[in-house]
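Here is my note on the structure you asked me to look over. I have kept to a handful of places that I think deserve a look on your screen.

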Amino acid sequence: MKNILLNYFGYNVQVISKSKKIISRIEYIFRYFLNISENQTPDITFFVNKNNKNENIELVSSNEKFTIQFTYDGKTINSWLYKDTFLPPMRVLPFKNKFLVLHGCAARKDNKTYVFLAPSMSGKTSLLFYLIYNGFKAISDDLLFIDVKTGLLFPYKKPVGIRENALNVIPNLDKLLKQSINKDTLIFFNSEGKRTWLVHLDDLFHNDVYCKEKTLIDYIIIPDKNLLGEIKKMSSIETYNTLLRSLCNSGLKKELVDEYIIKIMSRTKNYYLPTQNLKDAYFNILNI
């Protein structure tokens, strides 16, 4: 058996598996959450094993590919039945009801925090690269963790996916990617055989590009590469529906979701952002 101990937001999560490959993949993806302290008692332990040796490891809760179980005390064993990733395990204690989790990315510059909400394949990561290249600090890509008590957005370091057909987003991205690839880099292939590299931003840009502090959100922005023209304000109802659509299930009680969403909206300015031209999008962001 192989095992690894991670620390998410002050809680220890242990993962145990028969597969060395599963553990090494977790070590790569969640390297900033590794807990190397000795004699740490886990708050929750996961047992993760593949059902089919020929399946690619995706670290998602698919009943066909994985058997995932968890325990708090080492005695009572529970099955993970959710159709999503178990890391971090936001749907169960001790994480449940602590965070509003949104699907999006976020960056910060000049003491302003910008959250970008849009579905997968909408160009969020390309926009984030462009912003970092132009002096922004990254907060998170893909998942956004907002403390329900304070409204603070937490920095969350995870690798980003760089698609083979998006290597012209910023100058020299292909060279930066080549320099950042090592034996642990994860590479995926789509149905057309095109590659996506999973790379840590710090490796890509060769310095710490992440914002270190928790921050309140100043702007909620919807990037859309199908739009043309200037940045445009969103109405309150459009903003509310966007936040609702972007919500990831984190164990929050349904009656509290509205309260937290409205709390966020009470202090943000909200916009649609055309992103066909990233240079124009960048200046639109700076000028709001």
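1. A word on burial before we start: a residue counts as buried under 20% relative accessible area, as exposed over 50%, and as partly exposed in between. At 46%, Asn-172 is therefore partly exposed. Please keep in mind throughout that this is a predicted model.

2. While you are at Asn-172, have a look at its backbone. Its phi is positive, about 65°, although the residue is not a glycine. You will find Asn-172 in the loop between strand S10 (160-163) and helix H3 (173-180).

3. A second asparagine, Asn-97, also has a positive phi, near 70°. This one belongs to the loop between strands S5 and S6. With a relative accessible area of 27%, Asn-97 falls between the two cut-offs and so is partly exposed.

4. Stay with that loop for its prolines. Which peptide bonds are cis here? One joins Leu-87 and Pro-88, with omega about -15°, and another joins Leu-93 and Pro-94, with omega about 5°. Pro-88 lies in the loop between S5 (77-79) and S6, and Pro-94 is placed between S5 and S6 as well.

5. Next, helix H2. How many of its ten residues are buried? Eight of them are, which leaves the helix mostly covered. The buried set consists of Lys-124, Thr-125, Leu-127, Leu-128, Phe-129, Tyr-130, Leu-131 and Ile-132. Just after H2 comes Gly-135, where phi is positive at about 100°.

6. Thr-125 is worth a click of its own. This threonine sits in H2, which spans residues 124-133. Its relative accessible area is 16%, under the 20% cut-off, so Thr-125 is buried. What does its side chain meet? A polar contact of 3.1 Å links it with the side chain of Asp-141. Beyond four places in sequence, Thr-125 is in contact with Asp-141, Val-160 and Gly-161.

7. Now turn to helix H7, residues 278-286. Its buried residues include Leu-278, Ala-281, Tyr-282, Asn-284 and Ile-285. Viewed down the helix axis, the buried residues of H7 fall within an arc of 165°, so they line one face. The general pattern is a familiar one: an α-helix has 3.6 residues a turn, so residues three or four places apart point the same way.

8. What does the buried side of H7 pack against? Its buried residues pack against H2 and four strands: S6 (99-109), S7 (112-117), S13 (219-224) and S16 (269-274). At the start of H7, a side-chain oxygen of Asn-277 comes to within 3.0 Å of the backbone nitrogen of Lys-279.

9. The meeting of H2 and H7 brings these two helices together. Their axes are 10 Å apart, and the packing angle is about 65°. The two helices are therefore roughly perpendicular to each other, and H2 passes H7 in a right-handed crossing. From H2, the residues involved are Ser-126, Leu-127, Tyr-130 and Leu-131, and they meet Leu-278, Lys-279, Ala-281, Tyr-282 and Ile-285 of H7.

10. There is another helix pair to compare by eye. H5 (residues 236-246) and H6 (residues 254-265) pack at about 125°, with their axes 10 Å apart. That angle makes H5 oblique to H6. The crossing of H5 and H6 is right-handed. On the H5 side, Ser-236, Thr-239, Tyr-240, Leu-243 and Leu-244 take part, and on the H6 side their partners are Val-257, Asp-258, Ile-261 and Met-265.

11. Finally, Leu-204. Is this residue of helix H4 (residues 201-205) buried or exposed? Its relative accessibility is 0%, so Leu-204 counts as buried. Setting aside residues up to four places away in sequence, Leu-204 touches Phe-129, Ile-162, Leu-173, Leu-176, Leu-177, Ser-180 and Val-199. Among these, Phe-129 is one of the buried residues of H2. For contrast in the chain, Leu-252 is 48 residues away from Leu-204, and their C-alpha atoms are separated by 35 Å.

Technical notes. Residues are numbered from 1 along each chain as its sequence is written. This is a predicted model: local features need pLDDT of at least 70, side-chain atom pairs count only at pLDDT 80 or more; totals for chains, interfaces and linings use all residues. Side-chain values use heavy atoms; hydrogens and water are left out. Buried means under 20% relative accessible area, exposed over 50%, partly exposed in between (1.4 Å probe, protein chains only). A polar contact is a pair of N or O atoms within 3.5 Å; within protein, one must be able to donate a hydrogen and the other to accept it, and residues adjacent in sequence count only if both atoms are side-chain atoms. Contact means heavy atoms within 4.5 Å. The arc is that of the directions from the helix axis to the C-beta atoms. Axes are lines fitted to C-alpha atoms, for helices over the stretch in contact, and angles run from 0 to 180 degrees between N-to-C directions. Angles under 35 degrees count as roughly parallel, over 145 as roughly antiparallel, 65 to 115 as roughly perpendicular and the rest as oblique. A crossing is left-handed if the near helix is turned anticlockwise from the far one by less than a right angle, and right-handed if clockwise.
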